[in-house]
Amino acid sequence: MTSCISQEKIDGLKKLLGNARKVALAGHVHPDGDAIGCITAMGLYLKRELGKDVVCMFPDAIPENLEFVLNPSLRYLWGKSEDADLVILMDCNAFSRTDVLGEALAGSSATKVLIDHHLNPDTASFDLVFSTPDISSASELTFWILKAMGWDMRDNETGEALLTGMTTDTNNFANSVFPSTFTMASELIASGVDRDAVLQKIYFSYRENRVRVMGYMQNEGLVILPGGAAYMILTKDIQKRFDLREGETEGLVNVPLSIGEVRLSLLLKEDKDHFRVSLRSKKGTSAQKCAVKYFNGGGHENAAGGRLYPEKDLRGMSLEEYVKKALLESLK
Ligand SMILES: [Mn+2]
């Protein structure tokens, strides 16, 4: 168990939950497996074990291949919020990361709890904070919180949601793995969670397009800079040509890191008026600092993200010039 979970905090959470009839759970924009997993698991626990009225809120839609995590016994809202007595923000370090939900959540009179594993949590906005970067995922942190609350692990749907979130955030045990992460997996599998079924749903259920576009980008779109940086730009044209849907290029940014010399990898994905930015790095190089300094973002030391607004950010440079400058300066 991690040191950010003390008995005092668990007692505090129990007390806040005891005073709340309705609980709202909220996650970050472009929800990933971890956000959906930990929110679904917490939702199931609060509803089934504590009898709470629960609503799960996300700023926007989730990738199709993760829809299996959503539980039919829970109520999910997309792009809108609802009042509650208690708000728990999960897998997200600040209300601003919840995009369209941010203002309503930050301004609400509800009691507020944070459960997160990103750097720089906005602790001042919360009544109770569970936060540490020394853990694989918000799903793992939720697992240890639920255990400390007295969860008996008999509900395998809750366990499956947690295992899914941890698995996607660690890229199936490839990064951000701690001894506690294996303990969590071991306990969940021993309690009856079917890991093979989870892996089947996450990694072996894509459409053909995904494999095609991954191959195309690696062959045609990958630029490797001297010094150990790599980038790819997934334009709207390419997305259209491959008929891409949300989440279908998940994992692409990791691929260049498999090259020995590459220490920093960037993927730009063109969106409406901006580019979505994913950054990955090897130990010793900070994806997080690069995201903060050049891409209006943040995240973890070796896995970060952000946004690039060409009109505001490029300042006369071309997109490629800006990207090269950002990457080369981040390697220093
Ligand atoms: Mn996460």
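Helices (H or I, at least four residues) and strands (E, at least two) are DSSP runs, numbered from the N terminus. The model here is predicted, so local features need pLDDT of at least 70 and side-chain atom pairs count only at pLDDT 80 or more, while totals for chains, interfaces and linings use all residues. Residue numbers start from 1 along each chain as its sequence is written, and side-chain values use heavy atoms, with hydrogens and water left out.

**View 1. Helix 2 and the glycine just after it.**
Right after helix 2 comes G51, with a positive phi of about 65°. The helix itself runs over residues 33–49. Its 17 residues reach 23 Å from first C-alpha to last, close to the 24 Å expected at 1.5 Å a residue (the expected span is 1.5 Å times one less than the number of residues). Is helix 2 mostly enclosed or not, and how many of its 17 residues are buried? The count is 14, so helix 2 is largely enclosed by the rest of the structure. Here, buried means under 20% relative accessible area, exposed means over 50%, and partly exposed is in between (1.4 Å probe, protein chains only).

**View 2. The manganese ion and its protein donors.**
Which residues hold on to the manganese ion? The protein donors are D34 (OD), D91 (OD), H117 (NE2) and D169 (OD), lying 2.1 to 2.3 Å from the ion. Donors are N, O and S atoms within 2.8 Å of the metal (3.2 Å for Na, K and Ca); water is not among the atoms, so sites may look incomplete. Along the chain, the donors follow the spacing D-x56-D-x25-H-x51-D. Distant parts of the chain are linked by D34 in helix 2 and D91 in the loop between strand 4 (86–90) and helix 3 (102–107), 57 residues apart. Both of these aspartates are tucked away: D34 is buried at 0% relative accessible area, and D91 is buried at 1%.

**View 3. Helix 7, its cap and its buried side.**
At the N-terminal end of helix 7, D194 acts as a cap, with a side-chain oxygen 3.2 Å from the backbone nitrogen of D196. Helix 7 covers residues 195–203, and its buried residues are V198, L199 and I202. They cover an arc of only 95° around the axis, which puts them on the same side of helix 7 (the arc is that of the directions from the helix axis to the C-beta atoms). Helix 5 (156–169) is part of what covers these buried residues.

**View 4. A salt bridge from helix 5 to helix 7.**
A salt bridge is a side-chain nitrogen of Lys or Arg within 4 Å of a carboxyl oxygen of Asp or Glu, and by this rule the count comes to 17. One of them joins E160 and K201, with the closest N and O atoms 3.2 Å apart. Because E160 lies in helix 5 and K201 in helix 7, the pair ties together parts that are 41 residues apart in sequence. E160 is partly exposed at 21%, and K201 is partly exposed at 28%.

**View 5. Two further salt-bridge spots.**
E248 and R207 form a salt bridge, their closest N and O atoms 2.7 Å apart. E248 sits in the loop between helix 9 (236–241) and strand 9 (264–270), and R207 in the loop between helix 7 and helix 8 (208–221), so this pair ties together parts 41 residues apart in sequence. E248 is buried at 7%, whereas R207 is partly exposed at 23%. Elsewhere, R75 and E82 meet in a salt bridge (2.8 Å, N to O), and K22, R75 and E82 are linked in a network of salt bridges.

Definitions and conventions:
Contact means heavy atoms within 4.5 Å. A polar contact is a pair of N or O atoms within 3.5 Å; within protein, one must be able to donate a hydrogen and the other to accept it, and residues adjacent in sequence count only if both atoms are side-chain atoms.
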